[in-house]
Amino acid sequence: MGPYAKEELLACVVARLLGGARHAAIGASSPIPATAAFLHQCNDAAFRVTLQQRRAANPLTEGSRELFDLAGQGRLDVFFLGGAQIDGEASINLVTADGRRFPGSFGSAYLYPIVPRVILFREEHSRRTLVPKVDFVSARGTPAALVTGKALFSWQRDRRRFRLESFHPGSSAQDVRANTGFDYDASSSLAVTREPAEEELKILRNKVARQIAPDYPDFARRVWG
Amino acid sequence: MSALPSNRTSFLSGPEEIAAQIPDGALLALPPDYSLVAMEVVRALIRRKARSLRLLGVPILGLSADLLIGAGCVEEVETSAVSLGEAGLAPRFTEAVEKNLIKVKDATCPAIHSALQATEKGVPFMPLGGVLGSDLLKSRNDWREVENPLDEKSRILLVPALQPDVALFHARWADEAGNVWVGRRRELATTAHASKRTYVTFEEKRAGDMLEDELLAPGVISSIYVTGIAQADRGAWPLGVAGLYGIDDTHVSRYAKAAQTREGFRAYMDEWVLTPRKSFSPA
């Protein structure tokens with residue numbers, strides 16, 4: 001690992017998936033996707049970022065209902081989803097696994113099938129989180145990619161299978177295989193994930209840190225002090 | 001669906017009087033932690049030992065639900081999630097579900113909004129995109145997947161109208177006419193429109209009628225929907241009121257840690273809920 005935080009690396013990986021997008025919304029408890037979206041916005045001023053739970057100056061004047069309505073109209077082209085479990089079919093589970101209860105499905109059941117670019121994000125990369133088959137399907141859909149604490153996978157629409165594109169510094173192809181519960185393909189150009197550039201880190205630690213702190217105070221303190 | 005009333009708002013003495021008017025067993029609609037929660041009434045419900053409440057998260061729940069569940073006030077929860085946000089899982093909800101002490105009707109956010117909008121419009125159901133293919137449908141016998149009547153090649157979900165017995169939330173202002181001002185949290189209006197009764201606590205009372213003020217009127221919920229109101233200083237604490245006071249993140253984290261165990265939860269109750277004066281945060 002270089003002189004950067006893991007969260008900064010992951011935000012850079014996610015930000016590189018946002019090219020050409022017009023509008024990303026960020027749901028509950030997603031500080032790294034929010035960081036990625038603000039980082040991307042620095043390179044594309046027309047890119048709109050809606051923090052659904054933004055505490056001050058929230059752009060939604062009819063609450064989360066408006067977010068789902070504008071997704072239904074096609075005005076939202078990027079959303080991030082996670083899961084207590086994610087499987088090789090790209091289904092996600094936010095409800096229950098192994099007798100344990102998780103918070104619930106939030107808006108995922110609705111958003112996953114209708115938002116054109118859904119990015120799956122789950123920092124914990126283990127056989128506990130990445131499973132052959134989820135215990136409960138909160139939502140299914142066609143994702144653009146899956147980003148974890150160890151790797152970046154793309155989604156092959158025709159084969160309905162993930163493909164490993166890169167593993168992050170500190171991990172390896174073998175480490176990813178050993179910690180992934182579902183089967184997947186590997187890219188012929190499989191490589192180590194590109195590290196954050198100095199310029200990206202500078203933007204993250206200044207402008208983006210200030211944008212994130214009001215809504216994710218614990219996260220901002222942990223990553224940027 | 002029963003016909004909904006046109007109210008003359010009652011001016012009540014405080015959160016305790018609102019809690020006394022919310023009957024045991026009521027279907028009680030509550031907003032998420034970021035959207036004007038009447039926490040002082042939630043604490044008063046616990047003090048009056050409310051029982052068998054059925055909570056409706058519009059569309060998710062957090063601290064309010066975790067407190068009510070931990071205190072034994074809740075029989076069932078219909079919601080899209082229960083979470084304490086950055087502070088993590090809602091510990092009393094999690095344990096109650098894992099031990100089968102409460103029933104959960106799992107939903108997804110826009111299904112709850114749509115079900116309330118159906119009641120708001122006085123129609124029996126609303127169609128909703130997405131959702132098909134989710135296991136949520138397996139446990140929701142009240143939701144129907146049908147052929148789209150306008151296009152037989154596609155299918156669509158219908159969610160039935162949902163009419164809460166009581167809507168409960170907090171507002172920055174109320175006025176002498178019984179109107180309340182919620183600013184941009186206009187999704188609360190849908191909940192009020194769809195509920196048999198709506199109770200609101202407020203920070204400050206304004207003279208006159210806010211509907212006569214062109215700038216305030218768009219953030220107002222008219223008294224026709226409001227059953228009763230009562231003043232509560234910092235009534236959303238430890239949650240926030242935008243523009244007035246923020247969420248007390250330190251307190252919510254402290255709760256999340258304490259409530260990991262039943263003993264910790266009981267100690268929190270003793271300190272912050274069962275002693276009314278302690279429940280007010282220092283301004």
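Helices here are DSSP runs of at least four residues, counted from the N terminus. That matters for a small detail just past the third one in chain A: right after H3(A), Gly74(A) takes a positive phi of about 90 degrees. Keep H3(A) in mind, as we'll come back to it. One caution before going on: what you're looking at is a predicted model.

Let's start with chain A as a whole. Its secondary structure adds up to seven helices and 13 strands. The C-alpha trace spans about 45 × 40 × 35 Å along its principal axes. A compact globule of 225 residues would have a radius of gyration near 17 Å, and chain A, at 17 Å, agrees with that. Of those 225 residues, 51% count as buried. Looking at contacts in chain A with a separation of 6 or more, 67% of them involve residues 24 or more positions apart.

Chain A splits into domain 1 (1–76 + 195–225) and domain 2 (82–106 + 115–187). Their centres, taken over C-alpha atoms, are 21 Å apart. Where they meet, 16 residues of domain 1 are in contact with 14 residues of domain 2. On the domain 1 side, helices H1 (6–15) and H2 (31–43) of chain A each supply at least two residues, and H1(A) has the largest share with five. That side of domain 1 divides into 12 nonpolar, two polar and two charged residues.

Now for the partner chain. The contact takes 37 residues from chain A and 36 from chain B. On the chain A side, H3, strand E7 (100–101), helix H4 (108–114) and helix H7 (217–224) each supply at least two residues. H4(A) gives the most, with six. By class, the chain A side has 17 nonpolar, 13 polar and seven charged residues.

Back to H3(A), then. How do H3(A) and H5(B) cross? The axes of H3 (residues 63–72) of chain A and H5 (residues 109–121) of chain B come within 10 Å and cross at roughly 105 degrees, so the two helices are roughly perpendicular to each other. Ser64(A), Arg65(A) and Phe68(A) meet Cys109(B), Pro110(B) and His113(B) there. The residues of this helix contact divide into three nonpolar, two polar and one charged.

Those three residues of H3(A) are also among its buried ones: the list is Gly63(A), Ser64(A), Arg65(A), Leu67(A), Phe68(A) and Ala71(A). What covers them comes from both chains, including strands E1 (23–26) and E2 (48–51) and helix H4 of chain A, together with H5 and helix H7 (187–194) of chain B.

A few backbone oddities are worth a look. Most residues other than glycine have a negative phi, and most peptide bonds are trans. Asp98(A) and Phe106(A) each have a positive phi of about 50 degrees, although neither is a glycine. Asp98(A) is in the loop between strand E6 (96–97) and E7 of chain A, while Phe106(A) is in the loop between E7 and H4 of chain A. Buried or exposed? Asp98(A) is exposed, with 8 other C-beta atoms within 10 Å, whereas Phe106(A), with 27 C-beta neighbours inside 10 Å, counts as buried.

Chain B has cis peptide bonds to look at. One joins Val58(B) and Pro59(B), with omega about -5 degrees; Pro59(B) is in the loop between strand E3 (53–57) and helix H3 (63–70) of chain B. Another runs from Trp237(B) to Pro238(B), with omega near 5 degrees, and Pro238(B) is in the loop between strand E13 (228–231) and helix H8 (249–258) of chain B.

Note on methods:
Residues are numbered from 1 along each chain as its sequence is written. Chains are lettered from A and ligands numbered from 1 in the order in which they are written. This is a predicted model: local features need pLDDT of at least 70, side-chain atom pairs count only at pLDDT 80 or more; totals for chains, interfaces and linings use all residues. Axes are lines fitted to C-alpha atoms, for helices over the stretch in contact, and angles run from 0 to 180 degrees between N-to-C directions. Angles under 35 degrees count as roughly parallel, over 145 as roughly antiparallel, 65 to 115 as roughly perpendicular and the rest as oblique. Two residues are in contact if their C-beta atoms, placed from the backbone, lie within 7 Å. Ala, Val, Leu, Ile, Met, Phe, Trp, Tyr, Cys and Pro count as nonpolar, Asp, Glu, Lys and Arg as charged, and the others, Gly among them, as polar. Domain bounds come from an automatic or database domain assignment. The radius of gyration is taken over C-alpha atoms; the globule rule is 2.2 Å times the number of residues to the power 0.38. A residue is buried if 20 or more other C-beta atoms lie within 10 Å of its own, exposed if 12 or fewer, and partly exposed in between; C-beta atoms are placed from the backbone.
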